[in-house]
Every structure is written in C-alpha cells, then in structure tokens.
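Hi,

Here is the structure I promised to pass on. Have a look at it first, and then read my notes below.

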Amino acid sequence: MAVAPLTSASPDGRIADNIVYFARTLRKAGMRVGPASVKDAIEAVLAAGIGSRDDFYWTLHAVLVSRHEDHATFDEAFRLFWKSRELLEKLLAMFSPVAPDNRERQKPRAAESRVADALFEGHRKHQPLQEIPEIEMDARLTVSGTELLRGKDFAQMTAAELADAKQAISRLSLPFDMVRTRRYRADPAGRRIDPRAMMRLASRTGGAVILPRFRSPRELHPPLVVLADISGSMSQYTRIFLHFLHALTEKRRRVHTFVFGTRLTNLTRQMRHRDPDEALAEASSVVKDWSGGTRIGDTLAEFNRLWSRRVLGQGAVVLLITDGLERDDTAGLSQEMERLQKSCRRLIWLNPLLRFDGFEARARGVRAMLPHVDEFRAVHNLNALSDLSASLDRPLSRDVDPRLWLEPRAA
Amino acid sequence: MSELKPRKAPETIDETLDLLSGADYVADRALATVLFLSLRMKRPLFLEGEAGVGKTEIAKVLAQSLGRRLIRLQCYEGLDVSSAVYEWNYAAQMIEIRMEEAAGKVDRQAMEKNVFSERYLIRRPVLDALTGKEGAAPVFLIDELDRSDEAFEAFLLEILSDFQVTVPELGTIKAEEPPIVIITTNRTREIHDALKRRCLYHWVDYPDAARELEIVRRKVPEANKRLSAEVVSFIQKLRRLELFKVPGVAETIDWAGALTELDKVALDPATVSDTIGVLLKYQDDIARIEQGEGRRILKEVKAELSAAAE
C-alpha cells in the first residue's frame, strides 16, 4: 500500500503546503474553495497515495471542483501551478514506497520560489481588464447591426431608490405566482386528514380520544427566470431593470437572471450579492455586450439548448424583457419562442416600447414572437422601478392578451 | 432475495478500475479515482451529467460487485420525511390503542411505548440505508436529486454529515457503518453548494470513441464488429452537432441492440432514418438529421472507417 511511508516521508508537510497554495490560487481564479475542502484535498491525496500525475490531478479534482463550469479553471490552474515537472515528480517520489527522496530536502527554497512564481503568474492573469471608456448613445428604436462590445458603468443606487425598490418588490405579486407543492402544512380548515398529528395528540390523552386534525397543501412561488435585453435600443432602461432584478433576487427564492444582447450571459450568481452596487459592478464586468446589437433568436436558441433544462424545472415562470427589435432573420426566432413557451409554465413578455401610444406590432421580430407568449405587458413610463413592478402587478385583463396586438387595430 | 456476500472495498485506483470492468462497466481513470476516494474517505459521491451517461449504473454495478444491498431513493418534487425516512403505521397504532382500552389498561406511559415501537415503524429508504452492519454497509443511491425541492436537500445535509436520523418518539438511529452514498443529478436545477461540499464531485461526460466502442462490445456482444464501429462513430459525430438533446450512452446501446435485432451488419441511409427514433427524442433534432445532415455524417463515417481499414 502506498500510503504507509508517507508519514515518514513528509515531516515538513511540503505537500500540504503546496496544496494550500494551490487552493489559494484556485480561489483567486474565482473558484469556491473553502478551508474545509483544502483539508479534504490533503486527506484525499494521502488516501489515494498518488502514483502518477493523472491520478494526482483527478484526486485533487474530485475534492476541489464542485461545479462542472469550474473544470476549465481547475485544468488551467493545475497546469500552471504544477507546471514545473520536477516539483510534481518530487512530490510523487515522496509518495513512492521504494525511494524516500532525500535530495529534495537540500533545496526546498527552489521549489517554493517556483510555486510563488506560478502563483503570481496566475494572479497577474486574473487582474481586472482595463476599463473601456463608455460612449453614451441613445439608440432607441434603432437596431445596430454590429456586435459592439463595451463596458458599462452604472450610477450608484441612492438610499431612497433602494428603499423604493424594496417596497415596490414586496408589493409585487405576479399573476399565476403560486404553485401547489406536494408538501403539507397543518391547517384547521384543511381538507385532508393529518394522521401523524392525530396520533401525537391521541398519545397526549392516553388514547382516550382521537380527534381529527387537518392539513392542506403548501403553496410556493415557482422559480422565476428573467431574460433581459441589454442591447443598444434598451440601454436607457438597463439600470432600472438591473436594480429590479437585484431586488427581486434578494426578495424571492429561486430567481435566475440572464441578460442578452448579441450573446447570453448568466448573471444569477452576480445578482446574489447583497449590496446592489457591488452586484451591478460585478454584473457590469461579466457582461461583454452592453448596448450592442440584438440577436434575440440566437440567444434564445442558446438559452433553450444550454439552460432551459437546468432552470425551467418545477413550473418556472419566464419574464422576457425586450423590445423585440430583431436584427437577424426572424424565421428561427419564432421556433425558439415556441420552444421556450412550451418548456415553461408561463411566458410573460414585458415590452418598454409600448409606452409610445402608437405602438403596433409591425416589426418582424415582434410579429414572430407575439404568437408564442402568454402575456404581453406594457411599461408605459419606465423611469423608475415602481413603474416596472406596477406593470407586472396589474391583474390579468384583456389588454395583456398577445393576440390583441396581432389583429389590425381599429383606429 | 439471493444471499449477498459482501466484499471489501478496493485498496487502490487500479483495483477500483478492475472492479468496475469486472462488472462490465467501462470507466475512465478519472471516475475510478473519484470512486476509490469516495469509498476510502467514506464520502458521498456526487455524480452530475447529462441523461443517459451511466450515472445510476455506477451505483448498481458497485452494489453488485461489492456484494452490497442497493437501496434506491428516487427523488421527486415534494418528497418528504414520511416517504423518504420513516412513517408510522397509523391504522395499526389505532387498533393497538383500542385493544389496550378494551383490555382496561390505562397506563399512559406503557401505551405510548407500545404504540410508538419499532413494530409500527415503516422504514423508508433513508432509514433503511442506516442499518448496515459493519463491513456490509449498503449502497445508497439518491437518484435525480435535482427533482426534489430545496427543503429535502436541506434535510439531506444532516443525513450526509452525521449518518443519523432522529425519530422523536423513538430516539436517534445511527448507522453502525455509514452507507456508500451515490447521488446523481441531471442538472435540471442547481444543487446548493453546502450539499456539494460534503461530497466528492464528478462530472460524468460522454465517453470517447474507444471507450464507447468497448461499452458496445460488452453490452451488445452479438453486434457485428463493423456495425458497432459505425454506430459509435456516427453517434460521436452526432454529439458534435448542436442538437437540443444529444444521444447518451444508453441510446448507443439501444441503437446497437435495435440494429442487431434487425439483422443489420452495416449502416445505410434508410436504416438510419427508420431507427432514428431510438437516438433522438425531439422532433426538431430528427427533422434536422433527416434533412441531409444524417446522410452527410454517414458518408463521413463510411469514408473514415474504410480509410482506417486500409
């Protein structure tokens, strides 16, 4: 067994040190590696008694990686960190039952400095990218044809705005916003017998009386998936709905946030930051296509293919915020909308363009999308977050019926 | 049920690999490593991956080759304590109470003890999994955890860290030896980090061509050699297309089996189009393959295989 000689071979615990450094590198690269997993990693390496680079790789991988998305980061960091073949081989030699390596003790500093190099290389690599100066451009009602990649800087949220947002969200009740679960809660007016509670009660009186107890199914908010358009034509609203999304994420469980322009970005993790300014700053650094063009069809296809099965389970409601001005061909768009509608419980389209009274569903993108939404809601005056939630809050009425917009309107 | 002869867990990664291949599970070294570690460190193994890549199969193979009992908990939304852990047999309890009353007993303490005794306890999978004897702990498969809701996930945290369950009326039940826990998910929902942290994580990917061919050889031994090579090559190419749902290993085995049943020795366009329903389950994907991409791939497969044969 390869484990036995280890205690004698590593009195100075260099493997442990290196694993700690490695974990730190991973943490800097954005992975979630806590002290507990570092301890586990050391234990795992001891348990596996590594014999090859490959085994060592997968041993650390098993413990330190807990999301499929982190695999690439781990792979890169491993290559970088343990790139000095000598270092790894030396470590391997320490595990080898036949050759406890003594040479290694004479030059511990060399190994350490190499590790430090690897560390700093990783560090330099992950420095934030240079801010790109922002060019403000009001592009309402225009569809830009090129993919513009640029950063965005959001003004900080004032305390008043914050309070306002929280209030608006707590008042907000989306239509169809409760799903019945298969769990129960005690309910004197319930319609189902609760045998467990009855037995407990009966044993209190020694079984003399067994009184009925009732329960009813518990109701929950379903997951909410928001797909928000951040292209140029929507840029003046972006700040408002990012605030809205942040407040929503804080208030409700299971909110998934995606933004799209020319590409799709998942902002769910960024939005979980408690502080709205930090959340927005992080979001702003992750998204590469602020105020660029729009490719609704392509990004929806990407969402359907990669994300729909992961986030649309358990009766999710999808909130799509876009003006529907599609740059590309609209043939695929209609299909993707149909698929999206069929994979969620309810698809609500929120369109800020509707604030113009003369809005008609004339744009090709809009016409392609409308038949496949359950509700089409307008934001008449989107200057503040409360307007957004007010529009979502309105009870279901005839004017949210998407078919209404497809019929030619009587003047 | 047949007698089980529990075997000891493997001592090295190579032994783990042999154990799996002995049971006709063709694993790569990464999987063998993480499985070995999970057995060694007595940590739950968290397997994530697309549908049909053989996640559940790992638990079955492990139970079979280690001679352990397999306890399976299929998760679903709303799974609760009474169907996952334990339940009291209420009807029998009520009869017990009435019987004691009829016999004229009035001692409350004694009655409570009788009514809430092991006799009336219905064991569900979790409780069952905690009753393994030393050296013969069962394999506990928690299948498709992503289908359950967060409340159940939070409950699992407690089970997976202490391997004990508290039944208020009975006391705490603790496992003599913790079960070998295997959790699978299809990623229809993100599982919370806290739960993942207690486990060893592994992403089960689609196998490469060589490994998939080996899988077909073992699972469908009667398939013609040329046919298996074509099937595997076709599916490997299919996976590179951006389909809504690409076929998994389960589909490969099904397809090879189906074609063998049809007495085919090689693929041809008509056969592919007749049997495509075994591989692809979405109309859009099927339409795409039938509209010529299928023919193109088949042509490539044939060309590559004949080039390799020369």
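A quick word on terms: helices (H or I, at least four residues) and strands (E, at least two) are DSSP runs, numbered from the N terminus. With that rule, chain B has 14 helices and 9 strands. This is a predicted model, so to speak of local features we need pLDDT of at least 70, side-chain atom pairs count only at pLDDT 80 or more, and totals for chains, interfaces and linings use all residues. Residues are numbered from 1 along each chain as its sequence is written, while chains are lettered from A and ligands numbered from 1 in the order in which they are written.

Let's start with the overall form of chain B. Its radius of gyration (taken over C-alpha atoms) is 25 Å, well over the 19 Å that the globule rule (2.2 Å times the number of residues to the power 0.38) gives for 310 residues, so chain B is more spread out than a compact globule. Along the principal axes, its C-alpha atoms fill a box of roughly 90 × 45 × 40 Å. An automatic or database assignment splits the chain into domain 1 (13-79 + 124-203), domain 2 (86-121) and domain 3 (209-302). The centres of domains 1 and 2 of chain B, taken over C-alpha atoms, are 35 Å apart.

Next, what is buried? I call a residue buried if 20 or more other C-beta atoms (placed from the backbone) lie within 10 Å of its own, exposed if 12 or fewer, and partly exposed in between. By that count, 39% of the 310 residues of chain B are buried.

Two residues of chain B make a nice pair to look at, since each has a positive phi without being a glycine. B:Phe163, with phi about 50 degrees, sits in the loop between helix H8 (150-162) and S6 of chain B. B:Asp263, with phi near 60 degrees, is in the loop between helix H12 (249-261) and helix H13 (269-279). Which of them is buried and which is exposed? B:Phe163 is buried, with 22 other C-beta atoms within 10 Å, whereas B:Asp263 has 7 and is exposed.

Just after B:Phe163 you reach a hairpin: S6(B) and S7(B), with 3 residues between them. Strands S6 (164-167) and S7 (171-174) of chain B pair (DSSP finds at least two bridges between paired strands) in the antiparallel sense over 4 bridges. Across the pair, B:Gln164 stands opposite B:Lys174.

Now for the cores. A nonpolar core is a set of buried Ala, Val, Leu, Ile, Met, Phe, Trp, Tyr and Cys residues joined through C-beta atoms within 7 Å. The largest one has 108 residues, and A:Ala41, B:Leu45 and B:Ile182 touch the most other members. A second, separate core of 56 residues includes A:Val255 and A:Leu300.

Finally, how many residues does each chain give to the contact? Counting two residues as in contact if their C-beta atoms lie within 7 Å, chain A gives 35 and chain B gives 40. On the side of chain A that touches chain B, the elements giving two or more residues include helix H3 (35-48) and strand S1 (179-186) of chain A. That side divides into 13 nonpolar, 12 polar and 10 charged residues; here Ala, Val, Leu, Ile, Met, Phe, Trp, Tyr, Cys and Pro count as nonpolar, Asp, Glu, Lys and Arg as charged, and the others, Gly among them, as polar.

Have fun with it!
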